[in-house]
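Here's a quick briefing to read with the model open beside you. Have a look at the fold first, then work through the notes by topic.

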Amino acid sequence: MKLTEQEKAILAGEEGRARQIALQNMVDYANALGAENLLDVDDVSIGLYSRLPETIHGGQHFETYEDMCSYDYLATDEKVKFRELKARRTVTNNAGVTKEWLQYCGIQDQELYGCVDELDQFYRSHHANHTNTCAPYILGYVPQKGAHVVSAESSQVIFENSVLGARTNCEGDVAMTGAAIVGKIPNCGLHLDENRRGTHLVKVHKIPSSLFEWDLMGYWIGKHVKVGVPVIDIDIPSITFDSYKGFGAAMTTAGQVDLFHVIGHTPEAPNYEAAFGGNESQAILDYGAAEEQEIIEELDWAREKEVDFVLLGCPHYSAFQIADAARFLNGRKCKARLVIMTAPATQAQARINGDAQIIEEAGGLLTACCPPMVATWPKDIRVLATDSAKMAHYVPGTRDYKIHAGSTRSCIEAAVTGIWQEV
């Protein structure tokens, strides 16, 4: 593999032990993937777990976050001291627990609360932009077309590749954090032009009329494409960020898809020819009302009508989605528990708008925390309702909950009445 003089110097230890180890990991990774060189990256998204509870780390106990990062993210038994992150635009994912979520779950262990403060300080001291979200683009973090970036959260990866035209693979913890530390990533996969060309054509005959219907279509495409780069042919004047957000998240959940093109809409698909880049379509798929119903029946499967927990915001809600939830809730009270996940900065905006107060007065909670990520849930949940295809897919794999999936309006009605009824 070709190394620059700067990279050779880092491997020789001239920029400290942390960068030395991180770069050696990158070289090993690149060699395993057959990459010829490393790319410089400034845009990296990292997500560190809380250092407690120990069950998150396979029973390992860590006294500090530097110890945890050395073991979990540099893959070394050494206790390494970290310098400032080299990637200048490093943002954070919501992999850690938050204080309001610990309180909501009735957890009293003060050491866990202390871990939240420690992680916040760790990010600050290493100059990370602590966005604490799986959807940093809702906060203005929007890498431009052609930029090489590093992301690990699946819905963020597909959004950045497809909607923004940036270039990233779906990286693991060691590569993601190593890229932030040393500012390098292997030049392979979706960083290369030849791997970004369309492979399947999807003709859309039923235009989604809600965000949840975008989720359904994305899930169906991922399920049926399985592996590839779908090119979507849809007759629609424009597509919102919120539509793309759930659409991509559902697609990458149901299939091994980290990039899609929408003809006439996404940056690399001004027309059919550009989207496929000379490729012949491996298959032509038709999506209509029957295909949408197929996914509704797959995701909304609980027989029980009583709902005791409603979880929204996967991926994190935008301020506009929070406003919609507040409008549906205004002046009403929840019988079922209602939790809406969103970035701390979006929570602040929702409070300025008055929407956060409406949701809280109804009995709802706004949090950045993702319960499946931190494996921490409130007690006594039997039936969960969500407007996210991704959440409906993943929760049953880790929790014995029955699932209802439907529109945001249906989920809010279930929160208020305690009964599931599609609206």
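The notes below cover a sheet, two helices and some cysteines.

Keep in mind that this is a predicted model. In short, there's an open sheet of 5 strands, a helix with its buried residues along one face, another helix that is largely enclosed, and a disulfide count of 0.

**The sheet**

- Reading across the open sheet, the strand order is β12-β11-β10-β13-β14, and the pairing is parallel.
- The edges belong to β12 (365-367) and β14 (402-405), each of which pairs on one side only.
- From one strand to the next, the twist averages 25 degrees.
- Inside that order, β10 (residues 309-312) and β13 (residues 383-386) run parallel and are joined by 2 bridges.
- If you want a spot to zoom in on, phenylalanine 309 stands opposite leucine 384 in β13.
- As a reminder, strands of a sheet pair through backbone hydrogen bonds.

**Helix α13 and what packs on it**

- Helix α13 spans residues 344-353, and Thr346, Gln347 and Ala350 are buried there.
- Look down the axis of α13 and its buried residues fall within an arc of 105 degrees, so they line one face of the helix.
- That fits the usual geometry: an α-helix has 3.6 residues a turn, so residues three or four places apart point the same way.
- The cover over the buried residues of α13 includes α12 (319-329), α14 (355-361) and the edge strand β12.
- Just after α13 comes glycine 354, with a positive phi of about 90 degrees.

**Helix α3, mostly tucked away**

- Helix α3 (residues 65-72) has 6 of its 8 residues buried, so it's largely enclosed by the rest of the structure.
- The buried residues are Tyr65, Glu66, Asp67, Met68, Cys69 and Ser70.
- Among the elements covering them is α5 (110-125).

**Cysteines**

- With a disulfide taken as two cysteine sulfur atoms within 2.5 Å, the count comes to 0.
- Cysteine 115 is in no disulfide, and the nearest cysteine sulfur, on cysteine 69, is 13 Å away.
- Cysteine 115 also counts as buried, at 1% relative accessibility.
- Cysteine 370 is in no disulfide either; for this one, the nearest cysteine sulfur is that of cysteine 314, 5.9 Å away.
- Cysteine 370 is buried too, with a relative accessible area of 12%.

Technical notes. Residues are numbered from 1 along each chain as its sequence is written. This is a predicted model: local features need pLDDT of at least 70, side-chain atom pairs count only at pLDDT 80 or more; totals for chains, interfaces and linings use all residues. Side-chain values use heavy atoms; hydrogens and water are left out. Two strands pair if DSSP finds at least two bridges between them. Helices (H or I, at least four residues) and strands (E, at least two) are DSSP runs, numbered from the N terminus. Axes are lines fitted to C-alpha atoms, for helices over the stretch in contact, and angles run from 0 to 180 degrees between N-to-C directions. Buried means under 20% relative accessible area, exposed over 50%, partly exposed in between (1.4 Å probe, protein chains only). The arc is that of the directions from the helix axis to the C-beta atoms. Contact means heavy atoms within 4.5 Å.
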